[in-house]
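The exercises below ask for charged side chains that pair up and for nonpolar side chains that gather together. Please work through each task with the sequence and the model at hand before reading its solution.

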Amino acid sequence: MKKVVLSILTPLALMFSFVNPAHAVCDQARLHVVRSEVVGGGPHIFDLAPAVVSPTFYYRFTTANPQLIDDLNSAWVGNFTVRIIGNAPSCGTTGVIRSGGVIQTLFRDSFF
């Protein structure tokens, strides 16, 4: 009986380990771009705030990807919210400016 259970559970465990890798990232949705800056020709720095009336903190992300820069500047001008995934081990939980790392993925929120 143990062999039968193990023979069923082992492939399932392997399948889920490949489907849902445990990567720690900073993944935030419904953010507004509030600042875009490039320092000395380096990567662009973007500050994004939660979609609330008076945000008390901002997430800071960076990128050198021209498509992401254009998409984020368009979201800023159009006042769209975005979902952004950065490579920081986790999103900061304290402080006024919370690091999200380098942008890995960007989505425009469809409900705002």
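**Exercise 1.** In this predicted model, find which strands are linked by the salt bridge between R60 and D47, and state how far apart the two residues lie along the chain.

*Solution.* Begin with the side chains of R60 and D47, which meet in a salt bridge with an N to O distance of 2.7 Å. Next, place the partners: R60 belongs to strand β3, which covers residues 58-63, while D47 belongs to strand β2, so that the pair, 13 residues apart, links distant parts of the chain. Finally, consider accessibility, where R60 counts as partly exposed at 26%, whereas D47, with a relative accessible area of 6%, is buried because this value is under 20%.

**Exercise 2.** Starting from R35, work out which residues are linked with R35 in a network of salt bridges.

*Solution.* First, look at R35 and D47, which form a salt bridge whose closest N and O atoms are 2.8 Å apart. This pair also links distant parts of the chain, since R35 sits in strand β1 (residues 26-38) and D47 in strand β2 (residues 44-50), 12 residues apart. Second, turn to E37, which forms a salt bridge with R35, the closest N and O atoms here being 1.9 Å apart. Both of these partners count as partly exposed, E37 at 31% relative accessibility and R35 at 24%. Putting the steps together, R35, E37, D47 and R60 are linked in a network of salt bridges, and the model has a count of 4 salt bridges.

**Exercise 3.** Identify which residues of the largest nonpolar core touch the most other members, and which element gives the most to this core.

*Solution.* The core has 18 residues, and those that touch the most other members are L31, L48, F61, L72, V82 and I84. As a second step, trace where the core residues come from: β1, β2, β3, α2 (66-78), β4 (81-86) and β5 (97-108) each supply at least two of them. Of these elements, α2 gives the most, with 4 residues. As a last step, take L31 as an example: leaving aside neighbours within four places in sequence, L31 is in contact with residues including L48, F61, V82 and I84. In soluble globular proteins, nonpolar side chains tend to be buried together.

Key
Residues are numbered from 1 along each chain as its sequence is written. This is a predicted model: local features need pLDDT of at least 70, side-chain atom pairs count only at pLDDT 80 or more; totals for chains, interfaces and linings use all residues. Side-chain values use heavy atoms; hydrogens and water are left out. Buried means under 20% relative accessible area, exposed over 50%, partly exposed in between (1.4 Å probe, protein chains only). A nonpolar core is a set of buried Ala, Val, Leu, Ile, Met, Phe, Trp, Tyr and Cys residues joined through side-chain atoms within 4.5 Å. Contact means heavy atoms within 4.5 Å.
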